[in-house]
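Q: I have a structure open and I'm not sure how to read it. Could you walk me through it, feature by feature?

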Amino acid sequence: MSHIQVQDDQGVRIISFNRPDKRNAFDLNMYKQLTEYLIEGEADNDIRAFMLYGKNNCFTSGNDIADFLKNSDLGPNHPAVRFLFCLLELKKPLVAAVSGAAVGIGTTVLLHCDLVYADSTAKFQLPFVNLALVPEAGASLLLPELVGYQKAAELLLLGESFNAQTAHRLNMINEIVADEELFSYALSQAKKLANQPPQALQITRQLMRPHKNRVQHQMHQELEQFSARLKSDEAKSRFQAFLKK
Ligand SMILES: C/C=C/C(=O)SCCNC(=O)CCNC(=O)[C@H](O)C(C)(C)COP(=O)(O)OP(=O)(O)OC[C@H]1O[C@@H](n2cnc3c(N)ncnc32)[C@H](O)[C@@H]1OP(=O)(O)O
């Protein structure tokens with residue numbers, strides 16, 4: 001069974017993560033599929049919005065840590081890099097429904113979403129420094145802009161997990177939804193977006209992101225540092241420690 005599943009429902013492309021034995025950690029193939037489904041959806045006039053969802057009461061535990069040890073060269077064709085730049089370039093709106101762990105890229109992807117809903121089990125974490133890495137997806141720029149420098153420093157430098165109430169207070173999510181209603185509520189919101197006039201919707205979204213070039217520049221800076229860190233002894237020993245646990 002594929003670890004990325006796709007379903008189109010009344011103009012919404014629902015992309016679900018489903019790798020239960022690894023808490024939906026993204027491996028290279030998952031990044032490739034994610035990117036393909038997004039690119040395909042962008043080109044399809046019947047798709048008006050995307051929704052990201054993690055099955056098995058988990059959004060995603062982030063990048064597969066075993067892959068960090070195997071693939072340290074983050075060139076422009078690396079599947080994770082292609083996914084991140086695809087996110088940045090998306091024209092159609094993106095909704096996320098977060099249940100359970102949203103770690104690393106599981107949290108940074110939300111900074112590129114238009115609407116984010118979480119249930120009471122959601123747990124966010126940005127453990128880049130803990131893993132001897134640096135942030136990605138433009139989070140080193142987007143997070144301080146969203147939540148303020150000191151709060152962002154707490155989240156990125158200490159790398160502790162935080163719950164849905166904190167994420168809501170920091171304006172990182174729109175709403176906390178009852179656990180059993182998360183999927184249907186997020187989907188109903190995505191369908192509202194899908195029913196809006198598509199051109200006005202996409203242009204408005206574009207106008208609301210005047211900082212795109214700055215984010216793109218920051219992402220390149222982050223990736224340069226991230227690649228170097230992946231090769232460092234301190235990072236390798238953190239990855240090995242996690243995998244031995
Ligand atoms: C460019 C992107 C960068 C990033 O995304 S950096 C962030 C990388 N991710 C992490 O550091 C998160 C690592 N995972 C965790 O902290 C925990 O897991 C969770 C909090 C997500 C869940 O904890 P619990 O419910 O206790 O599950 P469990 O026993 O730790 O994990 C179950 C199985 O899943 C594997 N697993 C979990 N996350 C990952 C991962 N990110 N990469 C590879 N494997 C992972 C484990 O090893 C284990 O596997 P086994 O049953 O074989 O021992």
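## Reading the fold

A: Let's start with a pair of strands. Strand β3 (residues 49-54) and strand β4 (residues 94-98) run parallel and are joined by four bridges. As an example, Y53 has A97 in β4 as its bridge partner. Keep in mind as we go that this is a predicted model.

Q: Which strands make up the whole sheet, and in what order?

A: When you read a sheet, follow the strands from one side to the other. Here six strands form an open sheet, in the order β1-β2-β3-β4-β6-β9, with mixed pairing. At the edges stand β1 (4-9) and β9 (175-176); each has a single partner strand, so one side of each is left without a neighbour in the sheet. Then look for what lies on the sheet: helix α1 (residues 28-43) packs there, touching β1, β2 (12-17) and β3. The direction of α1 makes about 180° with that of β2.

Q: Can we zoom in on one residue of the sheet? Is S16 buried or exposed?

A: Buried means under 20% relative accessible area. S16 sits in strand β2, and its relative accessible area is 6%, so S16 is buried. Setting aside neighbours within four places in sequence, S16 touches H3, I4, Q5, Y53 and K55. You've met Y53 already, as the bridge partner of A97. Sequence distance and space distance are worth checking side by side, too: S16 and G100 are 84 residues apart in sequence, and their C-alpha atoms are 14 Å apart in space.

Q: How do I read two helices packing together? What is the angle between α5 and α10?

A: Look at the angle and the distance between the axes. Helix α5 (residues 139-147) and helix α10 (residues 212-230) pack at about 130°, with axes 8 Å apart, and the two are therefore oblique to each other. On the α5 side, A139, S140, L141, L142 and E145 take part, meeting R214, V215, Q218 and E222 of α10. Sorted by class, this contact has four nonpolar, two polar and three charged residues.

Q: Which residues of helix α6 are buried?

A: A bit of helix geometry helps. An α-helix has 3.6 residues a turn, so residues three or four places apart point the same way. In helix α6 (residues 149-158), the buried residues are A152, A153, L155 and L156. They pack against α5 and β8 (162-163). Just after α6 comes G159, with a positive phi near 65°.

Q: Which residues have a positive phi although they are not glycines?

A: Most residues other than glycine have a negative phi. Two cases to look at here are Q10, at about 45°, and R23, at about 50°. Q10 lies in the loop between β1 and β2, while R23 lies in the loop between β2 and α1. Exposed means over 50% relative accessible area. Q10 has 63% relative accessibility, so Q10 counts as exposed. R23 has 55%, so R23 counts as exposed as well.

Q: And if I zoom out, how many helices and strands are there in the chain?

A: The chain has eleven helices and nine strands. Its radius of gyration is 17 Å, close to the 18 Å that the globule rule gives for 245 residues, so the chain is as compact as a globular protein of that length. Along the principal axes, the C-alpha trace spans about 50 × 40 × 35 Å. Of the 245 residues, 52% count as buried. Finally, take the contacts between residues at least 6 apart in sequence: 74% of them join residues at least 24 apart.

Technical notes
Residues numbered from 1 in each chain as written. Predicted model: local features only at pLDDT ≥ 70, side-chain atom pairs only at ≥ 80, totals over all residues. Heavy atoms only, no water. Axes fitted to C-alpha atoms, helices over the stretch in contact; angles between N-to-C directions. Parallel < 35°, antiparallel > 145°, perpendicular 65-115°, else oblique. Contact = heavy atoms within 4.5 Å. Nonpolar A, V, L, I, M, F, W, Y, C, P; charged D, E, K, R; others polar. Pairing = 2+ DSSP bridges. Buried < 20%, exposed > 50% of the residue type's maximum accessible area, 1.4 Å probe, protein only. Rg over C-alpha atoms; globule rule 2.2 N^0.38 Å.
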